[in-house]
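Hi,

Here is the structure I promised to pass on. Have a look first, and my notes follow below.

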Amino acid sequence: MDILQIVFIGIVAVALSSVIKAQKPELALQVSIITGILIFMLVAVKLSAVIDFIKTFSQKADIDSTYIAILLKIVGIAYIAEFGAEVCKDAGESSIASKIELAGKVTIVVLAVPIITSLLDLVIKLMP
């Protein structure tokens with residue numbers, strides 16, 4: 001049911017944006033941004049169930065909650081960076097979009113350092 005709502009919102013926004021774009025292109029971009037935010041919010045609510053599942057599973061598997069928090073931050077940064085980059089691409093600013101994607105990737109690598117360090121420590125311990 002939700003995907004039908006999202007598709008309907010997207011189709012209405014595209015139709016509205018197409019009509020507005022001919023007369024006021026700056027408003028068409030705003031329609032695109034607002035539509036993107038609305039769809040993002042509809043989908044983000046669904047992610048709370050996934051986050052709860054991951055937290056429950058990590059407690060059962062006795063995984064350090066710090067690593068789970070880092071992984072969730074990485075996923076969030078990836079989604080937000082992609083969303084921002086797509087908005088910039090819609091506005092015709094692909095150069096800024098690529099900078100947002102680069103910033104997202106660098107931030108993800110920086111956040112992943114504790115996980116990579118822990119993984120390398122584990123590999124070193126396993127080596128004879």
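Lys-89 counts as partly exposed, at 39% relative accessibility; here buried means under 20% relative accessible area, exposed over 50%, and partly exposed in between, with a 1.4 Å probe and protein chains only. Please keep in mind that this is a predicted model, in which local features need pLDDT of at least 70 and side-chain atom pairs count only at pLDDT 80 or more, while totals for chains, interfaces and linings use all residues. Residues are numbered from 1 along each chain as its sequence is written, and side-chain values use heavy atoms, with hydrogens and water left out.

Back to Lys-89, then. Its side chain meets that of Glu-86 in a salt bridge of 3.8 Å, N to O, the term standing for a side-chain nitrogen of Lys or Arg within 4 Å of a carboxyl oxygen of Asp or Glu. Glu-86 and Lys-89 are three residues apart in helix H3, which means that about one helical turn separates them. (Helices are DSSP runs of H or I with at least four residues, numbered from the N terminus.) As a reminder, an α-helix has 3.6 residues a turn, so residues three or four places apart point the same way.

Lys-89 also forms a salt bridge with the side chain of Glu-101, at 3.3 Å, N to O. Glu-101 lies in helix H4 and Lys-89 in helix H3, so this pair ties together parts that are 12 residues apart in sequence. Glu-86, Lys-89 and Glu-101 are thus linked in a network of salt bridges. Both acidic partners count as partly exposed: Glu-86 at 35% relative accessibility and Glu-101 at 27%.

How many salt bridges does the count come to? The count comes to three, and the pair still to be mentioned is Asp-2 with Lys-46, whose side chains meet at 2.3 Å, N to O. This pair links distant parts of the chain, with Asp-2 in helix H1 and Lys-46 in helix H2, 44 residues apart. Asp-2 is partly exposed at 31% relative accessibility, and Lys-46 is partly exposed at 47%.

That brings me to the helix pairs. The axes of H1 (residues 2–21) and H2 (residues 25–60) come within 8 Å and cross at roughly 175°; axes are lines fitted to C-alpha atoms, for helices over the stretch in contact, and angles run from 0 to 180 degrees between N-to-C directions. H1 is therefore roughly antiparallel to H2, the word used for angles over 145 degrees. On the H1 side, the contact (heavy atoms within 4.5 Å) is made by residues including Asp-2, Ile-6, Ile-9 and Ser-17, and on the H2 side by residues including Ala-28, Val-31, Leu-38 and Lys-46. The residues of this contact divide into 13 nonpolar, two polar and three charged. For those classes, Ala, Val, Leu, Ile, Met, Phe, Trp, Tyr, Cys and Pro count as nonpolar, Asp, Glu, Lys and Arg as charged, and the others, Gly among them, as polar.

Ser-17 of H1 is worth a look in this contact. Ser-17 is buried, with a relative accessible area of 12%. Leaving aside its neighbours within four places in sequence, Ser-17 is in contact with Ala-28 and Val-31. Those two are also among the buried residues of H2, as are Thr-35, Gly-36 and Ser-58. What covers the buried residues of H2 includes H1 and H3.

H3 and H4 make a pair as well: their axes come within 8 Å and cross at roughly 175°. H3 is therefore roughly antiparallel to H4, and the residues of their contact divide into 17 nonpolar, five polar and three charged. The buried residues of H3, among them Ile-68, Ile-74, Ala-81 and Cys-88, pack against H2 and H4.

Lastly, the helix ends. Asp-62 is found in the loop between H2 and H3, and its phi is near 60°, a positive value in a residue other than glycine. Most residues other than glycine have a negative phi. Asp-62 is exposed, with a relative accessible area of 70%. H3 is followed by Gly-92, whose phi is positive too, near 85°.

Best wishes

Note on methods: Angles under 35 degrees count as roughly parallel, over 145 as roughly antiparallel, 65 to 115 as roughly perpendicular and the rest as oblique.
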